[in-house]
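This report walks through one protein model, from its sheets to its cores and cysteines. Keep the sequence and the 3D view open while reading.

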Amino acid sequence: MLLLSRGLYTADVTETVPPPPDTAPRAASTQWRGVLEEYADRLPVEAAATPVTLREGGTPLVYSCELSEATGCQVWLKFEGVNPTGSFKDRGMAVAISGAVGTGAEGVICASTGNTSAAAAAYAGKARLTCGVIVPRGKIALGKLAQALVHGATVLQVDGSFDDALQVCRDLDERYPVELVNSVNPLRIQGQKTAAFEVCDFLGRAPDVHVMPVGNAGNITAYWLGYREYAEDGITDGLPVMRGYQAAGAAPIVRGQRVADPTTIATAIRIGNPASWDSAVAAAQESDGSIRSVTDRDILAAYRMVAREGVFCEMASAASVAGLLKLSEAGELTPDQTVVCVLTGHGLKDPDWAIAGAAPPPVVEADVDAAAASLGLSGAS
Ligand code: F0G
């Protein structure tokens, strides 16, 4: 069977994962230890028993001067692109793959628009599990495909959408001894909720408004769970208003019906039938928030705006910033509110859009005067 083709290895990860340095208190440690250790008390014990980590999480909240000025709020960007495989998926994958090891699984499978497959491949590699991924043909960014391949996954393409690929994976999960690691796996949601903890730990409170892209809808489910857990345990005393954004051409929740052929330049959220649809709607309703859509044009403008401020996120991530700007235009933000926008993945995964929007760099002679002239410099000393 394809998933067992790396059968040289056993699933014994203790050989590769040394015991956590649990003598080091959080404040004294200079290296972030990964979500399984940092939030061990808030994650299912079965995953913590067989930890597989690439030290995911611990991502920065970057204050955005541009967006704060544009909206009159204090806007923070939760930059998930700096996770080990360049997206938020690593948080959930650390927990899901740890769980798979604990149950003695030999292989894992997932459907993906790209990032899940990159994370699954990396964490499965770390755990010495086989990994099969199914992606919509020609619809995933090259960098993400490269990641899945280089980490040793078996990649299959289907002539269909992400939703079709997920259905195949669900069927495989039912009929074969493999573990499904899409966000329908509850351990994925458990891992991803840690991002909400980090936001609150850093700010010392929950934000007033939380804005994020929505695709298969696992991540909005996870953030809402994380915020609620902290509030229920009295660590924070408020909850954010959750604002989720789909791409206009792939907005089933907004339309209230499945989209058979979703289209958007934000390929990561090109999904027509989100698996966590109901819990995404619940997060929006319970928080007095919303799930709305933004156009590809809005997303592209937002992508360029945050990039100019030094944060290179991927196109789908920019849906959150596009949504924030819409909220501001519509007068739906209160001045001085604390707002967190999640930037879910790194722009380097798909540099084509960055290149396409820029003029090709001119070629100049390797000479100071030629370089100065081309740079528009004057007043040489
Ligand atoms: N942003 C990025 C960069 C993503 O890769 C995804 C989902 C989302 C946002 C949406 O998150 O699905 O939890 O609502 N990517 C999945 C994948 C579908 O296969 O990589 P969601």
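Which residue just after helix 16 takes a positive phi? G376 does, with a phi of about 75°. Helices (H or I, at least four residues) and strands (E, at least two) are DSSP runs, numbered from the N terminus.

The model is predicted: local features need pLDDT of at least 70, side-chain atom pairs count only at pLDDT 80 or more, and totals for chains, interfaces and linings use all residues. Residues are numbered from 1 along each chain as its sequence is written, and side-chain values use heavy atoms, with hydrogens and water left out.

## Two helices

Helix 16 spans residues 368-375 and is hardly covered. Of its 8 residues, 0 are buried. Buried means under 20% relative accessible area, exposed over 50%, and partly exposed in between (1.4 Å probe, protein chains only). At the start of helix 16, a side-chain oxygen of D367 comes within 3.1 Å of the backbone nitrogen of D369.

Helix 9 (residues 194-203) is mostly covered, with 8 of its 10 residues buried. Among them are F197, E198 and C200. G204 follows helix 9 and has a positive phi, near 75°. Helix 9 lies across strand 1, strand 2 (74-79) and strand 10. Its direction is at about 135° to strand 2. Axes are lines fitted to C-alpha atoms, for helices over the stretch in contact, and angles run from 0 to 180 degrees between N-to-C directions.

## Two sheets

One open sheet has 4 strands in the order 5-4-3-6, with parallel pairing. Two strands pair if DSSP finds at least two bridges between them. The edges are strand 5 (154-158) and strand 6 (179-180), each pairing on one side only. Strand 3 (residues 107-111) is largely enclosed by the rest of the structure, since 5 of its 5 residues are buried. G107, I109 and A111 point one way from strand 3, while V108 and C110 point the other way. Helix 5 (residues 115-127) lies across strand 3 and strand 4, at about 170° to strand 4.

The other open sheet described here has 6 strands in the order 1-2-10-7-8-9, and its pairing is mixed. Strand 1 (61-63) and strand 9 (290-294) stand at the edges, so one side of each has no neighbour in the sheet. The twist averages 25° from one strand to the next.

Two parallel strand pairs can be set side by side.

| Strand pair | Bridges | Residues standing opposite |
|---|---|---|
| Strand 3 (107-111) and strand 4 (130-136) | 5 bridges | V108 and C131 |
| Strand 7 (209-213) and strand 10 (338-343) | 3 bridges | V209 and V339 |

## Cores

The largest nonpolar core has 58 residues. A nonpolar core is a set of buried Ala, Val, Leu, Ile, Met, Phe, Trp, Tyr and Cys residues joined through side-chain atoms within 4.5 Å. The residues with the most contacts inside this core include V108, C131 and I220. I220 touches M212, V214, M242, G244, A280, A283 and I291, leaving out residues up to four places away in sequence. Contact means heavy atoms within 4.5 Å. Another core, of 33 residues, lies apart from it. Its members include L67, F79, A319 and L343.

## Two buried residues

Is E314 buried or exposed? E314 counts as buried, because its relative accessibility is 6%. The residue sits in the loop between helix 13 (296-308) and helix 14 (318-329). Its side chain makes a polar contact with the side chain of K144, at 2.7 Å. A polar contact is a pair of N or O atoms within 3.5 Å; within protein, one must be able to donate a hydrogen and the other to accept it, and residues adjacent in sequence count only if both atoms are side-chain atoms. Beyond its neighbours within four places in sequence, E314 also contacts other residues, including N115, Y303 and H346.

G218 is in helix 10 (residues 218-232). With 4% relative accessibility, G218 is buried as well. Leaving aside neighbours within four places in sequence, G218 is in contact with S183, I189, Q192 and S276.

## Cysteines

How many disulfides does a search of the whole structure find? The search finds 0. A disulfide is a pair of cysteine sulfur atoms within 2.5 Å. Why is C200 not bonded to C341? The sulfur of C341 is the closest cysteine sulfur to that of C200, but at 15 Å it is too far for a bond. C341 is in no disulfide either, and its nearest cysteine sulfur, that of C313, is 9.8 Å away. C200 is buried, at 3% relative accessible area. C341 is buried too, at 0% relative accessibility.
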